[in-house]
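Subject: The structure for you to look at

Hi,

Here is the structure I promised to pass on. Have a look around first, then read my notes underneath.

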Amino acid sequence: MSDKKKKRGTEDLPLLQKIVALCKRRGFVFPSSEIYGGLRSAYDYGPLGVELKRNVMAEWWRSTVHEREDVVGIDASIIMSPRVWEASGHVGGFSDPLVDCKTCKARFRADKAPAVAPGTEVTYRSQGKTIKGIATRGYVCPECGSIDLSEERAFNLMFKTHYGPIESDDAIVYLRPETAQAMFVNFLNVQQTYRLRLPFGIAQQGKSFRNEITVEHFIFRSCEFEQMEMEFFCEPETSDTWLEYWRTERLNWYINLGCREENLRTRPHEKDELAHYSKACYDIEYRYPWGWDELEGVANRTDYDLGRHQAASGKKLAYFDPQKINPETGKPGLRFLPHVIEPAAGATRAVLMFLLDAYDEEPPSEGRKDGRVVLRLDPRLAPIKVAVLPLVKKDTELTGKARDIVKTFWSSSINAFYDEKDAIGRRYARQDEAGTPFCLTVDGQTKTDDTVTIRYRDDMRQERIKVAEAVEIVKEKVTASRRS
Ligand code: ATP
């Protein structure tokens with residue numbers, strides 16, 4: 001099995017199963033429509049999951065749009081003119097090679113099936129018999145290993161529906177399979193209204209839909225998912241430099257948000273892997289429990305998309321540079337199509353990655369008879385930043401003080417959570433599993449000197465701090481960047 005193209009089997013994935021169980025138990029992610037038996041690969045984000053996803057997306061927006069002079073955002077329609085998808089090549093070419101296994105009836109993607117060199121002898125079981133045969137295709141069935149397979153059929157990944165009341169062919173529209181195309185078709189709208197000069201980027205976040213054949217690994221691949229994409233328009237001769245720049249920026253973004261460096265890598269696409277419109281591409285990959293796999297793509301899309309939309313719409317999409325010398329006239333003023341570098345990340349895939357990377361189990365130790373599960377999420381991503389816990393539920397003076405403290409956090413836009421249920425140890429354990437970086441315990445001493453105990457999630461250290469300073473202390477720790 002080559003390391004380059006990851007092939008997936010049905011191996012035991014204990015860490016992933018633990019994450020799925022934790023997500024359900026604590027309210028990060030639930031199977032969608034569960035009371036009706038669920039819908040394959042559809043998921044709902046619960047109270048903690050929605051916060052984590054929003055935090056991931058907010059961090060991306062902050063670093064990509066707010067904290068840069070050269071990138072602006074848009075929020076476009078999910079349903080666009082079908083002509084967009086004809087021009088982009090999605091109607092004709094956005095398809096996966098689909099194969100049926102004649103032995104076990106599994107349906108799978110040829111490009112994701114376990115690789116086997118043609119000519120290799122393989123053994124599999126069919127109707128209780130062991131069969132030997134020679135592989136001819138370069139892959140076998142991922143479920144049963146059979147080589148008795150159907151031809152590959154191209155299966156278009158776009159979800160189709162009808163616009164308006166009549167279900168005729170000319171009313172067909174698509175749910176967008178990527179957010180990127182809206183940036184191309186709005187290129188001049190944004191550039192002119194915002195008077196932007198090259199190089200500049202247009203960013204968008206939101207839902208995308210792909211009728212994926214192989215849905216796998218929990219929220220890693222689902223039919224409805226969220227993306228965070230940016231199209232960075234630049235002069236053609238600078239595109240190689242910008243590709244390297246964005247690859248580094250994007251890799252560092254994950255590291256800066258606490259992802260362990262040794263679990264990340266960038267992998268250049270081989271020539272035969274490149275999309276036809278792409279000059280060069282890197283995958284930012286994460287070491288998932290099933291091996292290295294894609295987290296984000298950073299691609300040089302050249303002027304392919306602008307060129308296609310210009311040709312299909314008949315509208316000029318060229319950028320005008322008043323300073324550049326036109327080689328034909330020898331005078332300043334040149335119109336040309338910019339080239340595009342695209343960092344395209346999956347928000348929901350990033351949520352899974354941050355959960356996997358943050359998950360930790362501590363065995364029982366001296367002074368702690370129970371082990372614990374802890375999500376070591378960066379405080380900026382943590383769904384709840386601080387839990388405020390009155391030691392004794394029946395003491396209304398304590399609960400009143402605790403509720404007042406919670407309100408001071410809320411008025412500083414810090415997501416604080418009040419919890420008075422169960423023994424304090426169990427409350428800490430719940431917050432550890434939720435990834436809450438700080439717990440404040442309000443106890444008898446609080447009544448006399450207005451101090452509380454702050455407990456740190458990662459090392460369980462406890463300190464006494466003044467109530468009046470709690471908001472500043474937590475705020476400072478939540479916003480402190482890891483980048484030195
Ligand atoms: P893959 O090879 O995994 O199918 P891709 O190369 O088709 O992904 P892109 O079209 O480059 O993916 O999309 C950009 C990003 O969007 C991906 O890196 C991934 O994070 C995310 N993404 C794509 N498809 C899905 C999906 N079905 N579910 C969740 N996230 C997805």
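Below is what turned up, going from the domains down to single residues.

Before anything else, keep in mind that this is a predicted model.

**The overall layout**

The chain splits into three parts: domain 1 (3-82 + 177-355), domain 2 (95-156) and domain 3 (384-483). Notice that domain 1 is written as two stretches of the chain. If you want a feel for the spacing, the C-alpha centres of domain 2 and domain 3 are 55 Å apart.

**A small sheet**

Next, find the open sheet of 3 strands, which runs in the order β5-β4-β8 with antiparallel pairing. Which strands stand at the edges? They are β5 (107-109) and β8 (153-156), and each has a single partner strand, so one side of each has no neighbour in the sheet. From one strand to the next, the twist averages 45 degrees.

As a bit of background, strands in a sheet pair through backbone hydrogen bonds, and the pairing can be parallel or antiparallel. Here, β4 (residues 95-100) and β8 pair in the antiparallel sense over 4 bridges. To see the pairing up close, look for S95, which stands opposite N156 in β8.

**Two helices**

Helix α9 covers residues 347-358, and you can check its length yourself: at 1.5 Å a residue, its 12 residues should span 16 Å, and the end C-alpha atoms are indeed 16 Å apart. Is α9 buried or exposed? Buried: 12 of its 12 residues are, so the helix is largely enclosed by the rest of the structure. Among those buried residues are R349, F354 and D357.

Helix α2 (residues 47-66) can be checked in the same way. Its 20 residues should span 28 Å at 1.5 Å a residue, and the end C-alpha atoms lie 26 Å apart, which agrees. The buried residues of α2 include L48, L52, V56, W60 and V65, and also K53 and E59.

**Around the ligand**

How many residues surround the ligand? There are 16, and the closest are E212, R221, S222, E294 and L295. For E212, an N or O atom of the side chain sits 2.7 Å from a nitrogen atom of the ligand. R349, one of the buried residues of α9, has a polar side-chain atom 3.2 Å from an oxygen atom of the ligand. G346 uses its backbone instead: an N or O atom there is 3.0 Å from a ligand oxygen atom.

**Some backbone oddities**

Three spots in loops are worth zooming in on.

- The peptide bond from L198 to P199 is cis, with omega near -5 degrees. You will find P199 in the loop between α6 (187-193) and β11 (200-209).
- S33 has a positive phi, near 50 degrees, although S33 is not a glycine. S33 sits in the loop between β1 (29-31) and β2 (43-45). With 35% relative accessibility, S33 counts as partly exposed.
- M460 is another residue other than glycine with a positive phi, this time near 60 degrees. Its place is in the loop between β24 (451-456) and β25 (462-466). M460 counts as partly exposed too, at 22% relative accessibility; the cut-off for buried is under 20%.

If you open the model with this email beside it, try starting at E212 and its contact with the ligand, then go over to α9 and find R349.

Cheers

Conventions:
Residues are numbered from 1 along each chain as its sequence is written. This is a predicted model: local features need pLDDT of at least 70, side-chain atom pairs count only at pLDDT 80 or more; totals for chains, interfaces and linings use all residues. Side-chain values use heavy atoms; hydrogens and water are left out. Two strands pair if DSSP finds at least two bridges between them. Helices (H or I, at least four residues) and strands (E, at least two) are DSSP runs, numbered from the N terminus. Axes are lines fitted to C-alpha atoms, for helices over the stretch in contact, and angles run from 0 to 180 degrees between N-to-C directions. The expected span of a helix is 1.5 Å times one less than its number of residues. Buried means under 20% relative accessible area, exposed over 50%, partly exposed in between (1.4 Å probe, protein chains only). Domain bounds come from an automatic or database domain assignment. A residue is near a molecule or strand if one of its heavy atoms lies within 4 Å of it. A polar contact is a pair of N or O atoms within 3.5 Å; within protein, one must be able to donate a hydrogen and the other to accept it, and residues adjacent in sequence count only if both atoms are side-chain atoms.
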